[in-house]
Amino acid sequence: MEPGGLEWLLVPMRQLVSWGAAGAMVFGGVVPYIPQYRDIRRTQNAEGFSTYVCLVLLVANILRILFWFGRRFESPLLWQSIIMIITMLLMLKLCTEIRVSNELNVKRRSFADFDLNYFWHWSKFTDYVQCVLTFTGVTGYITYLWLDSSLFVETLGFLAVFTEAMLGVPQLYRNYQNRSTEGMSIKMVLMWTSGDTFKTVYFILNQAPFQFSICGLLQVFVDIAILLQVYLYSHYPQKPVSHTAHPASTKAL
């Protein structure tokens, strides 16, 4: 059979692979949080999961959407950001409800208090929504004013992907504080690692803005560091470090 005779088959196959890769990019980022969400809901305990992970992803994806207005990139990456924001809000809602229900006789805190000691440790989900909307409004207005500056747009893009690259750092630090990975979904971290590896390869092959590829590699390194913690703390258990700092800095948020 002549090579040209296979074109009718190869073209739709390439299209299917392209659609599959795009679908994986859009929805693959939220898959790791499904087992963590189910674990928290089943145990009614959110102590092992740091909600600063949600903060990092909310900031990163809001900035990425704003970056899109200055430099258009592939639409699957844009949709990925929208879906990730919704997912992180759902995670925050669950964690907040469970944490507050487990805290008795604790003074309620709100975003309107403007108390930095309790930042991202509020008592109602609506406070987190207010914070996210405020951040979006302020950064959106600044982006509107500076959208014609290529330097600003490129810096915005770098901040977006660099913030996302720091995704695992709050969990890495929490594990270090606790000297344990108990309560953290190992499935979530394994999915982080595989997803970030796929995402980085996708960035490189599709010639996404260079910021995406560099920070994707950084994400993979952080994921590997967390997996090393899993091995270390499971084979060589250690006593947790005692903390005398403010409760807001030591309690699982």
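This report looks at the empty space inside a predicted model and then at its cysteines.

## A hidden space

Let's start with the gaps. Rolling a probe the size of a water molecule over the atoms shows where empty space is left. Search the whole structure this way and you get 1 cavity of 30 Å³ or more. The volume of the largest cavity comes out at about 40 Å³.

## Who lines it?

Which residues make up the wall? The largest cavity is lined by Arg64, Val161, Glu164, Lys199, Phe203, Phe212, Cys215, Gly216 and Gln219. Three elements each give two or more residues to that lining: helix H6 (150-165), helix H8 (186-205) and helix H9 (210-235). The top contributor is H9, with 4 residues.

What about the chemistry of the wall? It's a mix: 4 of the lining residues are nonpolar, 2 are polar and 3 are charged.

## Cysteines without partners

Now for the cysteines. A disulfide is a covalent bond between the sulfur atoms of two cysteines. How many disulfides does a search of the whole structure find? The count is 0.

Take cysteine 54 as an example. Its nearest cysteine sulfur belongs to cysteine 95 and sits 5.9 Å away. A disulfide needs the two sulfurs within 2.5 Å, so cysteine 54 is in no disulfide.

Is cysteine 54 buried or exposed? Its relative accessible area is 0%, so it counts as buried. Cysteine 215, which we met in the cavity lining as Cys215, is also buried, because its relative accessible area is 3% and the cut-off for buried is under 20%.

Methods:
Residues numbered from 1 in each chain as written. Predicted model: local features only at pLDDT ≥ 70, side-chain atom pairs only at ≥ 80, totals over all residues. Heavy atoms only, no water. 1 Å grid on protein atoms, 1.4 Å probe; cavity = no way out; pocket = protein on both sides within 12 Å on 5 of 7 lines; lining within 4 Å. Points joined across faces, edges and corners; volume = space filled by probe spheres on them. Nonpolar A, V, L, I, M, F, W, Y, C, P; charged D, E, K, R; others polar. Buried < 20%, exposed > 50% of the residue type's maximum accessible area, 1.4 Å probe, protein only.
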